[in-house]
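The report that follows should be read alongside the sequence and the coordinates, taking one region after another.

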Amino acid sequence: MSALDPSIGSGALRAPQTTAPTRTPASKFDSHRMWVVARTELRQLLLSKDYWMPMVALGAIFFMILPAFLLLVITRVGDISMVQQASQALSVLPEAAQSRIQGTTPQARTSYALAVYLFAPIAIVVPLTISTAVGAASLVGERERGTGEFLAHSPASVREIYLGKILASFVPGYLTTVIGFGTYSLVVNLIVGPEAGGWFFPTTEWLIMMLWILPPFLLLTLSLVLRLSARVRSTAAAQQASGLITLPLIAVAYGQASGTLMGANTSTAWILGAAAWALATVSLFRGVRSVTRNRLLGVAQ
Amino acid sequence: MRAAPPLPDATPLVALDAVSHRFGDTLALASLSFEVPQNRITVLLGPNGAGKTTAFRAITGALVPAEGTVSTFGLDPDREGHLVRPRCGVVSANPALYDRLSGYDNLAYSAELYGMTGSLRPTITAAAQRFGIADALDDSVGGYSTGMKTRLALARSILHRPELLLFDEPTSGLDPESSHAVLELIREMTAEGRTVVMCTHLLSEAEGLADHVVMMEGGTALIAGTPDDLTRQFWPNPIVRLAAEDGEVLDRLSNWPGVAAYRRDPAGARLELDDLSRLPDLVAALVADGARLTRVEPHTPTLEDLYFTIRRQAGGSTAGRGRNGDHNGPTTPGAGPDDAGEETDGDGHRGRSPGGGRRNMLEPVAARWGATTETPPLWAGEQSPLEPAPATAESIAALEAGEAQR
């Protein structure tokens, strides 16, 4: 490393006018700053192989390996008693759901029902697990690394920081789920499609769940997790505490998702989603208050 | 955006007035008041826990003090922080860098947060070159040495061309050559019209760099002013150190005209003259009397002399024995068997503190009081005695009388 070079002098810093600070007032919400916070957080995640490798593995297991294995077993093994029993068990499904099951053989009907109705947890567990892990470490992590001091002195408002962190936590979980969902659709159609009379997935109910119901539940969870992250003293404590929030929300979200998939009326799903969005919005607004510069500095009382 | 009106030249860029703040039971700032003149380098000096970092945080509005008022650029950093912070560049004691990102990404992040647009590469490269870090810009910061991180943090602080730079121990972890270069750069920045506030433990670093000094302890400012004014305040008379083969021959100087104060120790004598022009006559007279002088040395008091004198008078330790934890209060003054300047930091390492254990060679007040190891504080109340002039002929005489009685 060369020694410092004072000879370069101040002229070196006379930057082109195009790079001059525009000095956007931080009192007004600056969405660009929020994106900058989110993008930087995401870049750090991408650079951390020990973070995204488990994330990819989790997505692969839940969206590809596990469904493919189960569906292959059912569709390829043949007429065994287990398939017969599973087929009979479909009678516990609501009538509306039963009426939509396609296929003429027990294998086809069983695999169709599994693919459409019983794999809802994977769409819930994966994004919540991934996003919660990111969110729990986001604010307390800044404090632990000492970078909270930089943010506290920066022009970024606490709202921009908070929403940037929410976004950075939301994207990995939801993106994994969307990619996984695409892969899952492919797996389901390739394995079950020939038995069920052609490509049938995703169904309308799945699309509503993925695009309308899951995002607000994810945001609601993250708004609570980030509140915790702003308050606790260590990342480990944040991870522990966020589990308490995430588990009940997984149960609720799973219940709602299953209801949507099996329910007869899609309007109920739309209403449910709207309620979740409203709840998430309120929680996000309230969550902003949890981030203070004192907390970024680690000197909050 | 409401543009802040430009401040008149004489208006301080930063003004803290009776600012107090507590962290739990610990008083971090205790009615702290000081001003930062424009386009000057103001150095905050003080031991660990003096409140320097908390003061920095209050200046940008990162921390809102419980009491008192803070004005930065004539604005309230609490209510108008969004107008204050973009105009400040901060280097905290911890470089506060993102280890997983490259040096370039760290700088780009800051540039964008501070609202810089367009092509950032030339500006970032120029800033990095200025601090000798351009070659490592694409490397992950996690692999940087401490010195490299400090340089990167310095480069980051000036990227958006702030008007006010706040440096908390900016040369921490740098080798002497780099430290020197950083200090040169700080001088350059003030020449460019920027105002710098810096806190440091290194008195030698502040010497010659500081245009304005604020000495802090226990969350309050003991004294503030230009180094010249402050030294004149404490040592209004020129000081000369003399030594002779026979030291006793020097004692006659105590009654000579123009000698304001005299003290002799085994190393020689220390005089305060009303006018340094008396020195040639004084030396000639001594020689004529047969004195064989081995040393005649006019002494200009340094910032270090000032620091230890003020700390001693404030009742703080001059031995640098405070721990590196936050908010440690003043320690007992005076020497002890372990008064050798070694301190234990938070990690249990032992090392010599800056100037630790060094006895103030001037000891102006103690000399007048007598050779006590513990200098009585000049005041017992809340009001600092160090403003205005701390030691007048009358006060010294009164203290001498009291000491003699004891």
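At what angle do the axes of helix 3 and helix 4 of chain B cross, and within what distance do they come? In this predicted model, the axes of helix 3 (residues 103-113) and helix 4 (residues 121-130) of chain B cross at roughly 115° and come within 10 Å.

## The helix 3 and helix 4 crossing

The crossing of helix 3 of chain B and helix 4 of chain B is right-handed. On the side of helix 3 of chain B, the residues that take part in the contact are B:Gly103, B:Tyr104, B:Leu107, B:Ala108 and B:Ala111, and they meet B:Thr123, B:Ile124, B:Ala127 and B:Ala128 of helix 4 of chain B.

## Domains of chain B

Chain B is divided into domain 1, which covers residues 14-231, and domain 2, which covers residues 236-299. Between the C-alpha centres of domain 1 of chain B and domain 2 of chain B there is a distance of 44 Å.

## The six-stranded sheet

An open sheet of chain B is formed by six strands in the order 5-6-7-3-8-9, and its pairing is mixed. Strand 5 (88-91) and strand 9 of chain B each have a single partner strand and therefore stand at the edges, with one side of each left without a neighbour in the sheet. Neighbouring strands of this sheet are turned against each other by 15° on average, with direction ignored.

At one edge, strand 5 of chain B pairs with strand 6 (residues 164-168) of chain B in the parallel sense, over four bridges, and B:Cys88 stands opposite B:Leu164 of strand 6 of chain B. At the other edge, strand 8 (residues 212-217) and strand 9 of chain B run antiparallel and are joined by five bridges, with B:Met215 opposite B:Ile223 of strand 9 of chain B. The hairpin made by strand 8 and strand 9 of chain B has two residues between the strands, and B:Gly218 takes a positive phi near 60° there. Although strand 9 (residues 220-225) of chain B is an edge strand, five of its six residues are buried, so that this strand is mostly covered.

## Helix 5 and B:Leu152

Helix 5 (residues 146-158) of chain B lies across strand 5 and strand 6 of chain B and runs at about 170° to strand 5 of chain B. B:Leu152 has its place in helix 5 of chain B.

Is B:Leu152 buried or exposed? B:Leu152 counts as buried because it has 25 C-beta neighbours inside 10 Å, where the cut-off for a buried residue is 20 or more. Leaving aside residues up to four places away in sequence, B:Leu152 touches B:Pro95, B:Leu97, B:Gly103, B:Asn106, B:Ile133, B:Val141 and B:Tyr144; of these, B:Gly103 is also one of the helix 3 residues of chain B that meet helix 4 of chain B. B:Arg312, by contrast, is 160 residues from B:Leu152 in sequence and 37 Å from B:Leu152 in space, C-alpha to C-alpha.

## The four-stranded sheet

A further open sheet of chain B is formed by four strands in the order 11-12-10-13, with antiparallel pairing. Its edge strands are strand 11 (259-265) and strand 13 (293-299) of chain B, each of which pairs on one side only, and the twist from one strand to the next averages 15°.

Strand 11 of chain B and strand 12 (residues 268-273) of chain B run antiparallel and are joined by six bridges; the bridge partner of B:Val259 in strand 12 of chain B is B:Leu273. Helix 9 (residues 279-288) of chain B lies across strand 10 (239-244), strand 12 and strand 13 of chain B, and runs at about 165° to strand 13 of chain B.

## Chain A and its confidence

Chain A has 13 helices and zero strands. Of its 301 residues, 44% count as buried, and among the contacts in chain A with a separation of 6 or more, 85% are between residues 24 or more positions apart.

The mean pLDDT of chain A is 82, and 86% of its residues reach 70 or more. Over residues 1-20 of chain A, however, the pLDDT is below 50, and this stretch has 49 contacts in the model beyond near neighbours in sequence. Residues 22-26 of chain A likewise stay under 50, and the model has 14 contacts for them beyond four places in sequence. Where pLDDT is low, predicted coordinates should not be read in detail.

Note on methods
Residues are numbered from 1 along each chain as its sequence is written. Chains are lettered from A and ligands numbered from 1 in the order in which they are written. This is a predicted model: local features need pLDDT of at least 70, side-chain atom pairs count only at pLDDT 80 or more; totals for chains, interfaces and linings use all residues. A residue is buried if 20 or more other C-beta atoms lie within 10 Å of its own, exposed if 12 or fewer, and partly exposed in between; C-beta atoms are placed from the backbone. Two strands pair if DSSP finds at least two bridges between them. Two residues are in contact if their C-beta atoms, placed from the backbone, lie within 7 Å. Domain bounds come from an automatic or database domain assignment. Axes are lines fitted to C-alpha atoms, for helices over the stretch in contact, and angles run from 0 to 180 degrees between N-to-C directions. pLDDT is the predictor's confidence in each residue, from 0 to 100. A crossing is left-handed if the near helix is turned anticlockwise from the far one by less than a right angle, and right-handed if clockwise.
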